[in-house]
Amino acid sequence: RACEMLRSLVGSEMCIRDSGTTVEFCEVAMNLDDGFEMFGGTVDLKHCVVVAVGDDAFDTDNGYQGRGQCLLVVRADDSDKGHEMDNATGGDLDSQPRSHPHFANVTVISSPSHGEDALRLREGTGGDFRNYIIHGANDGVRNDENGSEVVTQDWATAEAAGHPDYLYTVSYTHLRAHETPEHRGCRRGRVKKKGGGGGGGGGGG
């Protein structure tokens, strides 16, 4: 029973207000609640891993405006979302300061049959999300319950709205769910047609 109580604790819950704190090289595995929770504040995360937790991997709310980079989520079949990111305080979707996590270089891995969204962005959260690889999920990125924040995949539009009142996701997030034999056949056919040449397009960084 004591072991079960310990496992039910949140992996890491933070309400750090200063902008000089970075949590690096941390792993949360197989607890029954969230991996990392940030309720307000500006703590940064770097090189953090969440494995098979019972709830969400990264959960933000209450005006959190920190950054995350080089993050990995490996979900068990009974894990919840890779990200659950909210803003509303007291039911106000435009409560200030608006949550505005800025996450980049993130991988979310799940089984192809996983029934939960990889990223759930809701309740008026702003944010900036770039360079994601998402494997398996219900929806890769789901956004609803919006306030007045501008939701866009166009950076000029986001810049015009101003921080923190935009929710920006880059248009080249890589999503890969279940690949059937038919999909594989089509993909291999396309590669063969191109003659195996190396070209492809690259992306700038």
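## A walk from H114 to the aromatic core

Let's start with H114, which sits in the loop between β8 (102-109) and β9 (119-122). Keep in mind that this is a predicted model. Loop residue or not, H114 is buried, with a relative accessible area of 5%. Its side chain reaches the backbone oxygen of S79, at 3.2 Å. If you set aside the neighbours within four places in sequence, the contacts of H114 are R75, A76, D77, S79, D80, A137 and N138.

Stay in that loop and turn to the charged residues. The whole structure has 14 salt bridges. One of them joins the side chains of K81 and E116, with N and O 3.1 Å apart. K81 belongs to the loop between β6 (67-74) and β7 (83-85), while E116 belongs to the loop between β8 and β9, so this salt bridge ties together parts that are 35 residues apart in sequence. As for exposure, K81 is buried, at 7% relative accessible area, whereas E116 is partly exposed, at 29%. With a cut-off of under 20% for buried, K81 gets that label because its relative accessible area is 7%. The pair is also part of something wider: D80, K81, E84, D86, E116 and R122 are linked in a network of salt bridges. You have met D80 already, as one of the residues in contact with H114.

The loop between β8 and β9 has another charged residue to look at, D117. This residue forms a salt bridge with R142, and the closest N and O atoms are 3.5 Å apart. Here again distant parts of the chain are linked: R142 is in strand β11 (residues 141-144), D117 is in the loop between β8 and β9, and the two positions lie 25 residues apart in sequence numbering. D117 is buried, with a relative accessible area of just 2%, and R142 is partly exposed, at 34%. R142 has a second salt-bridge partner in D144, where the closest N and O atoms are 3.2 Å apart.

Now follow the chain into strand β9, where you find L121. This leucine is buried, with a relative accessible area of 1%. What does L121 touch, not counting residues up to four places away in sequence? The list is M85, F129, V141, R142, N143, D144, L167 and T169. Two names there should ring a bell, since R142 and D144 are the salt-bridge pair from a moment ago. L121 can also be placed relative to H83: their C-alpha atoms are separated by 7.6 Å, although the two residues are 38 apart along the chain.

From here, move on to the nonpolar interior. In soluble globular proteins, nonpolar side chains tend to be buried together. In this model the largest nonpolar core has 26 residues, and F36, L45, F58 and F103 are the ones that touch the most other members. The elements giving two or more residues to this core are β2 (22-29), β3 (36-39), β4 (44-51), β6, β8, β9 and β10 (127-135).

Three of those well-connected names are phenylalanines, which brings us to the rings. Six aromatic pairs turn up in the whole structure. F36 and F58 have ring centres 5.4 Å apart and planes at 10°, so this pair is stacked. F36 lies in strand β3 and F58 in strand β5 (residues 58-61), so the stacking ties together parts that are 22 residues apart in sequence. Both F36 and F58 are buried. F58 pairs with F103 as well, but edge-to-face: 6.2 Å centre to centre, with 90° between the planes. Since F103 is in strand β8 and F58 in β5, that pair ties together parts that are 45 residues apart in sequence. F103, like F58, is buried. Put the rings together and you get one aromatic cluster, made up of F36, F58, F103, F129 and Y132. F129 is also among the contacts of L121.

Finally, the cysteines. How many disulfides does the structure hold? Zero. For C26, the nearest cysteine sulfur is that of C48, 5.1 Å away. C48 also supplies the nearest cysteine sulfur to C70, this time 9.8 Å away. C26 is partly exposed, with a relative accessible area of 30%, and C70 is likewise partly exposed, at 30%.

Terms used
Residues are numbered from 1 along each chain as its sequence is written. This is a predicted model: local features need pLDDT of at least 70, side-chain atom pairs count only at pLDDT 80 or more; totals for chains, interfaces and linings use all residues. Side-chain values use heavy atoms; hydrogens and water are left out. Helices (H or I, at least four residues) and strands (E, at least two) are DSSP runs, numbered from the N terminus. Buried means under 20% relative accessible area, exposed over 50%, partly exposed in between (1.4 Å probe, protein chains only). A polar contact is a pair of N or O atoms within 3.5 Å; within protein, one must be able to donate a hydrogen and the other to accept it, and residues adjacent in sequence count only if both atoms are side-chain atoms. Contact means heavy atoms within 4.5 Å. A salt bridge is a side-chain nitrogen of Lys or Arg within 4 Å of a carboxyl oxygen of Asp or Glu. A nonpolar core is a set of buried Ala, Val, Leu, Ile, Met, Phe, Trp, Tyr and Cys residues joined through side-chain atoms within 4.5 Å. A disulfide is a pair of cysteine sulfur atoms within 2.5 Å. Rings of Phe, Tyr and Trp (its six-membered ring) pair if their centres lie within 6.5 Å; planes under 30 degrees apart count as stacked, over 60 as edge-to-face and the rest as tilted.
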